[in-house]
Amino acid sequence: MRSLEGGTLDAALLALEADVGDVEREIIGPDLFVLATPLGHPLGAKASPAKASELKGASVLLLDDGHCFREQALAFCSGAKAHELEFRATSLSTLAQMVAGGAGVTLLPELAVATEAKRAELWIRPFAQPAPKRTIALVWRRRSPLGPALRQLATTARAAYGHASASRATRSGSRKPQHGVPTPLNPG
(Lines give C-alpha, C1' and ligand atoms only; values in the text may rest on other atoms or scores of the structure.)
Protein backbone atom coordinates (compact mmCIF):
# COMPACT_ATOMS: atom_id res chain seq x y z
CA MET A 1 0.00 0.00 0.00
CA ARG A 2 2.96 2.33 0.61
CA SER A 3 4.12 1.75 -2.98
CA LEU A 4 0.64 2.51 -4.25
CA GLU A 5 0.40 5.69 -2.16
CA GLY A 6 3.92 6.72 -3.19
CA GLY A 7 3.21 6.28 -6.89
CA THR A 8 5.68 3.46 -7.55
CA LEU A 9 2.69 1.18 -8.22
CA ASP A 10 -0.27 2.25 -10.33
CA ALA A 11 -2.63 -0.44 -9.02
CA ALA A 12 -2.72 -3.59 -6.91
CA LEU A 13 -4.80 -6.74 -6.94
CA LEU A 14 -5.50 -7.74 -3.34
CA ALA A 15 -8.00 -8.92 -0.76
CA LEU A 16 -10.24 -6.13 0.48
CA GLU A 17 -10.21 -7.63 3.96
CA ALA A 18 -6.69 -6.20 4.32
CA ASP A 19 -6.34 -2.59 5.44
CA VAL A 20 -6.33 -0.86 2.05
CA GLY A 21 -7.04 2.69 3.19
CA ASP A 22 -8.79 5.32 1.12
CA VAL A 23 -8.42 4.09 -2.47
CA GLU A 24 -10.54 3.61 -5.54
CA ARG A 25 -11.56 -0.02 -5.98
CA GLU A 26 -13.33 -2.40 -8.28
CA ILE A 27 -14.34 -5.80 -6.96
CA ILE A 28 -13.13 -8.70 -9.09
CA GLY A 29 -14.85 -11.50 -7.16
CA PRO A 30 -14.88 -13.77 -4.13
CA ASP A 31 -12.00 -16.11 -3.33
CA LEU A 32 -13.48 -18.99 -1.36
CA PHE A 33 -11.40 -20.78 1.26
CA VAL A 34 -10.97 -24.55 1.08
CA LEU A 35 -9.88 -27.11 3.64
CA ALA A 36 -6.48 -28.66 2.84
CA THR A 37 -5.39 -31.87 4.56
CA PRO A 38 -2.54 -34.33 4.18
CA LEU A 39 -3.26 -37.51 2.24
CA GLY A 40 -5.06 -40.02 4.42
CA HIS A 41 -6.40 -37.45 6.90
CA PRO A 42 -10.01 -38.20 7.97
CA LEU A 43 -11.10 -34.58 7.41
CA GLY A 44 -9.94 -34.78 3.78
CA ALA A 45 -11.51 -38.16 3.11
CA LYS A 46 -15.13 -37.03 3.00
CA ALA A 47 -16.87 -36.29 -0.29
CA SER A 48 -19.27 -33.72 1.14
CA PRO A 49 -18.36 -30.05 1.59
CA ALA A 50 -16.64 -29.39 4.92
CA LYS A 51 -18.57 -27.79 7.75
CA ALA A 52 -17.01 -25.52 10.34
CA SER A 53 -18.16 -27.90 13.08
CA GLU A 54 -15.87 -30.61 11.65
CA LEU A 55 -12.85 -28.50 12.60
CA LYS A 56 -13.70 -28.60 16.31
CA GLY A 57 -10.53 -29.73 18.09
CA ALA A 58 -8.58 -30.12 14.82
CA SER A 59 -4.92 -29.07 14.76
CA VAL A 60 -4.81 -26.17 12.31
CA LEU A 61 -1.72 -24.57 10.80
CA LEU A 62 -1.87 -20.88 9.95
CA LEU A 63 0.38 -18.22 8.51
CA ASP A 64 2.64 -16.12 10.71
CA ASP A 65 1.49 -12.83 12.28
CA GLY A 66 1.22 -9.96 9.83
CA HIS A 67 -0.50 -11.85 7.01
CA CYS A 68 -4.07 -10.69 6.38
CA PHE A 69 -5.05 -14.22 5.31
CA ARG A 70 -3.97 -15.42 8.76
CA GLU A 71 -6.46 -13.09 10.40
CA GLN A 72 -9.28 -14.26 8.13
CA ALA A 73 -8.49 -17.96 8.63
CA LEU A 74 -8.00 -17.48 12.38
CA ALA A 75 -11.43 -15.86 12.74
CA PHE A 76 -13.06 -18.81 10.98
CA CYS A 77 -11.05 -21.44 12.88
CA SER A 78 -11.69 -19.76 16.24
CA GLY A 79 -15.42 -19.81 15.57
CA ALA A 80 -15.12 -23.51 14.71
CA LYS A 81 -13.18 -24.15 17.96
CA ALA A 82 -10.18 -25.52 16.09
CA HIS A 83 -6.82 -25.68 17.85
CA GLU A 84 -4.15 -23.44 16.31
CA LEU A 85 -0.74 -25.08 16.39
CA GLU A 86 2.08 -23.13 18.01
CA PHE A 87 4.31 -23.05 14.95
CA ARG A 88 3.34 -21.05 11.90
CA ALA A 89 4.28 -20.76 8.25
CA THR A 90 5.80 -17.72 6.57
CA SER A 91 4.11 -18.32 3.18
CA LEU A 92 1.27 -20.28 1.60
CA SER A 93 3.85 -22.58 -0.03
CA THR A 94 5.40 -23.41 3.34
CA LEU A 95 1.94 -23.87 4.83
CA ALA A 96 0.97 -26.36 2.09
CA GLN A 97 4.24 -28.28 2.54
CA MET A 98 3.74 -28.48 6.31
CA VAL A 99 0.23 -29.85 5.80
CA ALA A 100 1.43 -32.35 3.17
CA GLY A 101 4.03 -33.48 5.69
CA GLY A 102 1.30 -34.30 8.21
CA ALA A 103 1.74 -31.40 10.63
CA GLY A 104 -1.98 -30.54 10.64
CA VAL A 105 -4.70 -29.15 8.38
CA THR A 106 -5.21 -25.64 7.05
CA LEU A 107 -7.38 -23.32 5.05
CA LEU A 108 -6.15 -22.14 1.66
CA PRO A 109 -7.60 -19.50 -0.62
CA GLU A 110 -9.04 -21.24 -3.67
CA LEU A 111 -6.86 -19.06 -5.92
CA ALA A 112 -3.76 -20.66 -4.40
CA VAL A 113 -4.85 -24.29 -4.67
CA ALA A 114 -3.64 -25.03 -8.22
CA THR A 115 -0.20 -23.56 -7.53
CA GLU A 116 0.27 -25.12 -4.12
CA ALA A 117 -1.01 -28.52 -5.27
CA LYS A 118 1.86 -28.66 -7.77
CA ARG A 119 4.27 -28.49 -4.85
CA ALA A 120 2.46 -30.66 -2.28
CA GLU A 121 0.04 -33.57 -2.39
CA LEU A 122 -3.05 -32.41 -0.56
CA TRP A 123 -6.63 -33.46 -0.21
CA ILE A 124 -8.89 -30.47 -0.80
CA ARG A 125 -12.49 -30.05 0.34
CA PRO A 126 -14.63 -27.02 -0.37
CA PHE A 127 -16.59 -25.62 2.55
CA ALA A 128 -20.36 -25.82 2.80
CA GLN A 129 -22.23 -22.57 2.23
CA PRO A 130 -21.86 -20.00 3.51
CA ALA A 131 -18.21 -20.71 2.80
CA PRO A 132 -15.47 -18.57 4.32
CA LYS A 133 -14.02 -16.23 1.71
CA ARG A 134 -12.22 -13.03 0.95
CA THR A 135 -13.01 -10.41 -1.69
CA ILE A 136 -10.46 -9.82 -4.44
CA ALA A 137 -10.34 -6.27 -5.83
CA LEU A 138 -8.25 -4.03 -8.03
CA VAL A 139 -7.32 -0.86 -6.11
CA TRP A 140 -5.59 2.39 -7.11
CA ARG A 141 -4.96 5.91 -5.84
CA ARG A 142 -7.88 8.30 -5.80
CA ARG A 143 -7.80 10.80 -8.66
CA SER A 144 -5.31 8.70 -10.61
CA PRO A 145 -5.31 9.67 -14.30
CA LEU A 146 -5.36 5.91 -14.99
CA GLY A 147 -8.72 5.49 -13.24
CA PRO A 148 -10.82 4.95 -16.41
CA ALA A 149 -8.31 2.46 -17.85
CA LEU A 150 -8.09 0.63 -14.52
CA ARG A 151 -11.89 0.35 -14.39
CA GLN A 152 -11.79 -1.25 -17.86
CA LEU A 153 -9.02 -3.57 -16.70
CA ALA A 154 -11.12 -4.54 -13.68
CA THR A 155 -14.09 -5.30 -15.95
CA THR A 156 -11.92 -7.62 -18.04
CA ALA A 157 -10.39 -9.23 -14.95
CA ARG A 158 -13.84 -9.74 -13.40
CA ALA A 159 -15.09 -11.50 -16.54
CA ALA A 160 -11.97 -13.70 -16.75
CA TYR A 161 -12.15 -14.49 -13.04
CA GLY A 162 -15.81 -15.42 -13.33
CA HIS A 163 -15.00 -17.73 -16.25
CA ALA A 164 -12.09 -19.31 -14.34
CA SER A 165 -14.28 -19.76 -11.24
CA ALA A 166 -16.90 -21.56 -13.33
CA SER A 167 -14.17 -23.81 -14.79
CA ARG A 168 -12.82 -24.60 -11.30
CA ALA A 169 -16.32 -25.48 -10.12
CA THR A 170 -16.77 -27.84 -13.08
CA ARG A 171 -13.41 -29.54 -12.43
CA SER A 172 -13.91 -29.72 -8.66
CA GLY A 173 -15.84 -32.95 -9.06
CA SER A 174 -12.52 -34.72 -9.78
CA ARG A 175 -11.14 -33.46 -6.46
CA LYS A 176 -13.79 -35.22 -4.43
CA PRO A 177 -13.31 -38.69 -2.99
CA GLN A 178 -14.29 -41.47 -5.37
CA HIS A 179 -15.46 -44.90 -4.16
CA GLY A 180 -14.44 -44.00 -0.63
CA VAL A 181 -10.84 -43.33 -1.69
CA PRO A 182 -10.03 -39.64 -1.92
CA THR A 183 -8.13 -38.39 -4.92
CA PRO A 184 -5.14 -36.24 -4.00
CA LEU A 185 -5.12 -32.83 -5.63
CA ASN A 186 -1.80 -32.89 -7.40
CA PRO A 187 -2.08 -32.24 -11.12
CA GLY A 188 1.70 -32.38 -11.59
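## A charged loop, a nonpolar core and two aromatic pairs

The side chains of E54 and K46 meet in a polar contact of 3.2 Å. A second polar contact, this one of 2.9 Å, joins the side chain of E54 to that of R125. E54 itself sits in the loop between strand 2 and strand 3 (59-60). Leaving out residues up to four places away in sequence, E54 touches L43, K46, P49 and R125. Please keep in mind while you look around that this is a predicted model.

### The overall layout

Let us step back for a moment. The protein contains five helices and seven strands, and along the sequence they follow the pattern α-β-β-β-α-β-α-β-α-β-β-α. Of its 188 residues, 41% count as buried. Among the contacts with a separation of 6 or more, 76% come from residues 24 or more positions apart. The protein exposes about 9900 Å², and carbon and sulfur atoms supply 55% of that area.

### The largest nonpolar core

In soluble globular proteins, nonpolar side chains tend to be buried together. Here, the largest nonpolar core has 33 residues, and L55, L107, L122 and F127 are those with the most contacts inside it. At least two residues of this core come from each of strand 2 (24-37), helix 2 (68-79), helix 3 (92-100) and strand 5 (106-109).

Which residues does L55 meet, leaving aside its neighbours within four places in sequence? L55 is in contact with L35, L43, F76, A80, K81, A82, V105, L107 and F127. The list thus includes L107 and F127, two of the residues with the most contacts inside the core.

K81 is another partner of L55, and its place is in the loop between helix 2 and strand 4 (83-84). Is K81 buried or exposed? K81 counts as exposed, because its relative accessibility is 56% and the exposed class begins over 50%. K81 and L55 are 26 residues apart in sequence, yet their C-alpha atoms are 6.9 Å apart in space. Besides L55, K81 touches K56 and G57, not counting residues up to four places away in sequence.

### Strand 5 and helix 3

T106 is found in strand 5. With a relative accessibility of 1%, T106 counts as buried, since buried means under 20%. What lies 2.6 Å from a polar atom of the T106 side chain? The backbone oxygen of L61 is found at that distance. Beyond residues up to four places away in sequence, T106 touches V34, L35, A36, V60, L61, L95 and V99.

L95 and V99 also appear among the buried residues of helix 3, together with A96 and M98. These residues are on the same side of helix 3, because they cover an arc of only 160° around the axis. The buried residues of helix 3 pack against strand 2, strand 5 and helix 4 (110-119). Just after helix 3 comes G102, which takes a positive phi of about 95°.

### Two aromatic pairs

A pair of aromatic rings is described by the distance of the centres and the angle of the planes. The structure holds two such pairs, and here are their values:

| Aromatic pair | Centre to centre | Angle between planes | Arrangement |
|---|---|---|---|
| F33 and F69 | 4.9 Å | 80° | edge-to-face |
| F76 and F127 | 5.0 Å | 75° | edge-to-face |

The F33 and F69 pair ties together parts that are 36 residues apart in sequence, because F33 lies in strand 2 and F69 in helix 2. F33 is buried, with a relative accessible area of 2%. F69 counts as buried too, at 5% relative accessibility.

Where do F76 and F127 lie? F76 is in helix 2, and F127 is in the loop between strand 6 (123-126) and strand 7 (133-140). With their positions 51 residues apart in sequence, this pair links distant parts of the chain. Both F76 and F127 are buried, and both are in contact with L55.

Methods:
Residues are numbered from 1 along each chain as its sequence is written. This is a predicted model: local features need pLDDT of at least 70, side-chain atom pairs count only at pLDDT 80 or more; totals for chains, interfaces and linings use all residues. Side-chain values use heavy atoms; hydrogens and water are left out. A nonpolar core is a set of buried Ala, Val, Leu, Ile, Met, Phe, Trp, Tyr and Cys residues joined through side-chain atoms within 4.5 Å. Buried means under 20% relative accessible area, exposed over 50%, partly exposed in between (1.4 Å probe, protein chains only). Helices (H or I, at least four residues) and strands (E, at least two) are DSSP runs, numbered from the N terminus. Contact means heavy atoms within 4.5 Å. A polar contact is a pair of N or O atoms within 3.5 Å; within protein, one must be able to donate a hydrogen and the other to accept it, and residues adjacent in sequence count only if both atoms are side-chain atoms. The arc is that of the directions from the helix axis to the C-beta atoms. Rings of Phe, Tyr and Trp (its six-membered ring) pair if their centres lie within 6.5 Å; planes under 30 degrees apart count as stacked, over 60 as edge-to-face and the rest as tilted. Accessible areas come from the Shrake-Rupley method with a 1.4 Å probe; for residues, only the protein chains shown count as cover.
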